[in-house]
Amino acid sequence: MPTSAWACISVKTHVHADVDMAHIPERYTFPPLSHVLTSSPTTPHSELRTPHFPLSCYVHVPFCVHRCGYCNFTLVARREDLIPRYLDAVERELATHGEPSAVETLFFGGGTPTHLPPAALERLCQSALRQFPLLPGYEWSVEANPADLDTERIAVLREQGVTRVSLGVQSFSAEKLSLLERDHRADDIRRAVDLLRPWVKSLAIDLIFGAPGETLADWESDLRQALTLEPDHVSTYGLTFERGTTFWGRKLRGELRVAEESDERAMYETAIDTLTAAGFEHYEVSNFARPGHRCRHNECYWDGREYFAIGPGAARYVAGRREINHRSTTTYIERVLGGRSPVADGETLSPVDRAREAFVFGMRRLRGVHLPEFAERYGVDPRRLFAAQLAKYVQLGMFVQQGDWVRLTRPGLLVSDAIWPDFLA
Ligand SMILES: C[S@@+](CC[C@H](N)C(=O)[O-])C[C@H]1O[C@@H](n2cnc3c(N)ncnc32)[C@H](O)[C@@H]1O
Ligand code: SF4
């Protein structure tokens, strides 16, 4: 059983984690790059690596205007002075990867990538593309805060070839946004969507439910308003109180009341019913997509494939090894610019531990896990390794086994956070 922080991070259910980790034991075989490379924005074919390298890359941008009270992500607030050295460090780290390696998915996450001034954002895009040029049909996601998006930043994203923008909407209610310590208002959301809609291929939004004092009616109103934006993808996250956040302290002091579990479940079920009725596919515990708009980058994690990662706190899975960079932005910068490795920790999992994590990742997807295929891929048969757990959760009605597939049922979905430790222990 993996005992590192990764195991905890990777099994969170309702909350986006900035360091999702996953892995597979074997290499993939892909068609020769020369057959599939696009002309732009890429590097000459001869300079590219062979295709057994990961086909996804995550770039962490650790800047925000301020830290929202609930957020424990790797970031610095009001440290714009660090941006030039952060960009230098990212370029140095990118250069350590050697020859350019073409990818199918690129993801700029944060923090808030769109907090970077336009010129800095452009430089980051160009640096990333030099090392990780994009294959045809690529997906390039950028996380954005509604308050930051302006015509100049939009122009950069558009010109650089970004295809997917993930907007941190969270809510439309002034009261809830203020409680969450967000710096945007409902008007900013609509303005940002108006700027994005004309060109972006996929518009994704994040919503939070279960804020202190929030009622089911409040949440229904958020969902209704979200649908009026006509997003292509919606992520719904139950508010979690993370250790080290101001919300954590306020909860301990009794200033903030955690939502009742039954209320949270009702909100989650309402999200499932509302979004699926509106034509979204519920394809992962927290994620809903219109046909053709699943997040392919995140699917790489849930599918246990490998990926590169750059930046402070960024976690990668390359050549069977998982590594995580230093979380402190200043330490990251100092180490990289000082010619030292940004890596804070790393591990290579045993085949059984790898199978345990991959099974949990796979089960987060609504389609579930194909048992014989899993056994073949990981060299560990889940019907044997998890015989007792599978019997238990099928009997409890949390899992259903149909032919070769096992997947979560609706009751299982509602409590899946509590199930996973049984498979990791
Ligand atoms: C990196 S942020 C998105 C981009 C941008 N920084 C923003 O917030 O608008 C990723 C998402 O994680 C979710 N999130 C972060 N911390 C959370 C928490 N403690 N509970 C629930 N959701 C959380 C929020 O929905 C947020 O949109
Ligand atoms: S803006 Fe996003 S990344 Fe920044 S503190 Fe708020 S939720 Fe976290």
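1. In this predicted model, strands 12, 13 and 14 make up an open sheet, arranged in the order 12-13-14 with antiparallel pairing. Strand 12 (315–318) and strand 14 (343–347) are the edge strands; each has a single partner strand, so one side of each is left without a neighbour in the sheet. On average, and with direction ignored, neighbouring strands of this sheet are turned by 20° against each other.

2. Within the sheet 12-13-14, the antiparallel pairing of strand 13 (residues 321–325) with strand 14 rests on four bridges. As for individual positions, I324 has D345 of strand 14 opposite to it.

3. A second open sheet, also described here as antiparallel, consists of three strands in the order 15-17-16. Its edges are formed by strand 15 (369–370) and strand 16 (399–402), each of which pairs on one side only. Strand 17 (residues 405–408) is joined to strand 16 by four bridges in the antiparallel sense. One residue pair can be named for this ladder: Q402 has W405, in strand 17, as its bridge partner.

4. Helix 16 (residues 387–395) should be considered together with the sheet 15-17-16. This helix lies across strand 16 and strand 17, and its direction makes an angle of about 105° with that of strand 16.

5. The packing of helix 3 (residues 83–95) against helix 12 (residues 329–337) deserves a separate point. Their axes come within 9 Å and cross at roughly 55°. Helix 3 is therefore oblique to helix 12, given that crossing angle. The crossing of the two helices is left-handed. On the side of helix 3, the contact is made by R85, Y86, D88, A89, R92 and E93; helix 12 contributes T329, Y332, I333, V336 and L337. By residue class, the contact of helix 3 with helix 12 comprises six nonpolar, one polar and four charged residues.

6. Which residues are found around ligand 2? The shell includes the three cysteines C64, C68 and C71, together with R67, F73 and L75. Further along the chain, G110, G111 and T112 belong to the residues around ligand 2, as do N145 and G168. The shell around ligand 2 divides into five nonpolar, five polar and one charged residue.

Notes. Residues numbered from 1 in each chain as written. Chains lettered and ligands numbered in written order. Predicted model: local features only at pLDDT ≥ 70, side-chain atom pairs only at ≥ 80, totals over all residues. Pairing = 2+ DSSP bridges. Axes fitted to C-alpha atoms, helices over the stretch in contact; angles between N-to-C directions. Near = placed C-beta within 6 Å. Nonpolar A, V, L, I, M, F, W, Y, C, P; charged D, E, K, R; others polar. Parallel < 35°, antiparallel > 145°, perpendicular 65-115°, else oblique. Left-handed = near helix turned anticlockwise from the far one by under 90°. Contact = placed C-beta atoms within 7 Å.
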